[in-house]
Amino acid sequence: MKRNIVIFGITVVVVALLLFMNDITTKKADASPEAANTGIKTGQIAPGFELQDLNGKQVKLSDFRGKAVVLNFWATWCSPCKAEIPWFEDFQKQYGPQGLQVIGVAMDDSGHEKIAEFAKQMGMNYPVLFGKEAVGQEYGGVNFLPSTFYIDRQGRITDSVAGIIDRKDIESKLKVALGDQAPGIATPSSTPPNTVANSVVPNRSDSTAGASK
Amino acid sequence: MKRALLFAAVLAFAAAAYAQDFGPSVTALTPDPVTVVAGKSAPVTLNFRVNQGFHINSNKPNSEILIPTELKLDPPSQLMVADVKYPPGEMLSLPIVNEKISVYSGDFQIGARVLAVRAISPGTYRVRGTLRFQACNDRQCFPPRTTPVHFDVHIVRARRR
């Protein structure tokens, strides 16, 4: 009898362990390109933040109210991130007049000078902000880089992608955020956002302002 | 009771094997103990395994912005580790990134020499350290991580002539 209780107890513990592993594995699968980041849902209001830019100025997400925002978390050591940056520069030029704002949030610990130097070398023509882990947490942890969030003019997340995707897919997703393309028809592989593009929603909050790493 | 333990061991092994399938990881495979004569040195080879689907930067990535793989060892006071030799990286071409990077993937080895001072007492000493790496797959990168490393050194007395 005692032996059976021991076997049962061990089995319960191991099965719980397997279920935990399965949960983590599922989260990993979710993190593949074309899948939304864990914890962040399309249609929800983008978490607000206040971060310092390369010039030392504090920048809030709400400063871009009324614009469609491509919020790109990146790092200097991340090759896929580096590959995407020239695309974002092009998109900023092309779609900026239509109300697009690309924002880069640097998530590495390499220091402000190195990030600034990298941004200069890459010719980044959009705001580059020094990231904080707390802001990353608000966006589902940002466990993988690049992680990109597409935010419509009302501040709602229309899509999010962990990892690099093709340039044309990025363009389709930012068009949805701009309201130029209906959600769900961006690309056959894209994650259909739950948002209604022109619905009236509250302003973006900046609830995480001042949170430190 | 023995049957219960065996059953638990099998399940634990299955869980561990299953766990290896997620996220990037570098496993340090513990080498056989190294025997060193007091006052002399001996080579040690440390074996590492990058899990499938991931790669890590080599020790000399072909860009200064990339984070190199680095082994840091902290031997006991009467031992020293020197002449750490990293393998050359394999050049990996990532089509979407459009650049070649120097990486380790699968199994790789780092060599070193363990030196013992003459006054060291015979016995077994453990050298501990860490391997710092930064992993990516073909579309994503992961923040730098460290994995613990250790190996044992058997110190024997020098034979008197």
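This passage describes a strand, a cavity and the disulfides of a predicted model.

Strand β9 of chain B spans residues 107-116. In a regular strand the side chains alternate between the two faces of the sheet. The covered face of β9(B) carries Phe108(B), Ile110(B), Ala112(B), Val114(B) and Ala116(B). The uncovered face carries Asp107(B), Gln109(B), Gly111(B), Arg113(B) and Leu115(B).

Two pairings of β9(B) were examined. Strand β3 of chain B, residues 41-50, runs antiparallel to β9(B). Nine bridges join these two strands. Within this pairing, Leu46(B) has Ile110(B) as its bridge partner. Ile110(B) belongs to the covered face of β9(B). Strand β6 of chain B, residues 79-85, also pairs with β9(B) in the antiparallel sense. Five bridges make up that pairing. Here Ala82(B) stands opposite Arg113(B), a residue of the uncovered face.

Internal space was examined next. Rolling a probe the size of a water molecule over the atoms shows where empty space is left. Two cavities of 30 Å³ or more were found. The second largest cavity holds about 40 Å³ of space. Its lining includes Ala28(B), Leu29(B), Thr30(B) and Pro31(B). Leu46(B), Asn47(B) and Phe48(B) also line the second largest cavity, as do Val149(B) and His150(B). Leu46(B) thus appears twice in this account: Leu46(B) is the bridge partner of Ile110(B), and Leu46(B) lines the second largest cavity.

Three strands of chain B, β1 (26-29), β3 and β12 (145-156), each supply at least two residues of this lining. The largest share comes from β3(B), with three residues. By class, the lining of the second largest cavity has six nonpolar and three polar residues. Charged residues are absent from the lining.

The search for disulfides covered the whole structure and found two over all chains. One joins Cys78(A) to Cys81(A), with an S to S distance of 2.2 Å. The torsion about this S-S bond is about 80 degrees, so the disulfide is right-handed. Cys78(A) has a relative accessible area of 1% and is therefore buried. Cys81(A), at 0%, is buried as well.

The other disulfide lies in chain B and joins Cys136(B) to Cys141(B). The S to S distance is 2.1 Å. With a torsion of about 100 degrees about the S-S bond, the disulfide of Cys136(B) and Cys141(B) is right-handed. Cys136(B) and Cys141(B) are both buried.

Definitions and conventions: Residues are numbered from 1 along each chain as its sequence is written. Chains are lettered from A and ligands numbered from 1 in the order in which they are written. This is a predicted model: local features need pLDDT of at least 70, side-chain atom pairs count only at pLDDT 80 or more; totals for chains, interfaces and linings use all residues. Side-chain values use heavy atoms; hydrogens and water are left out. Buried means under 20% relative accessible area, exposed over 50%, partly exposed in between (1.4 Å probe, protein chains only). Helices (H or I, at least four residues) and strands (E, at least two) are DSSP runs, numbered from the N terminus. Two strands pair if DSSP finds at least two bridges between them. On a 1 Å grid over the protein atoms alone, a cavity is a set of points where a 1.4 Å probe fits but cannot get out, and a pocket is an open set with protein on both sides within 12 Å along at least five of seven lines; lining residues have an atom within 4 Å of a point. Grid points are joined across faces, edges and corners, and a volume is the space filled by probe spheres set on the points. Ala, Val, Leu, Ile, Met, Phe, Trp, Tyr, Cys and Pro count as nonpolar, Asp, Glu, Lys and Arg as charged, and the others, Gly among them, as polar. A disulfide is a pair of cysteine sulfur atoms within 2.5 Å.
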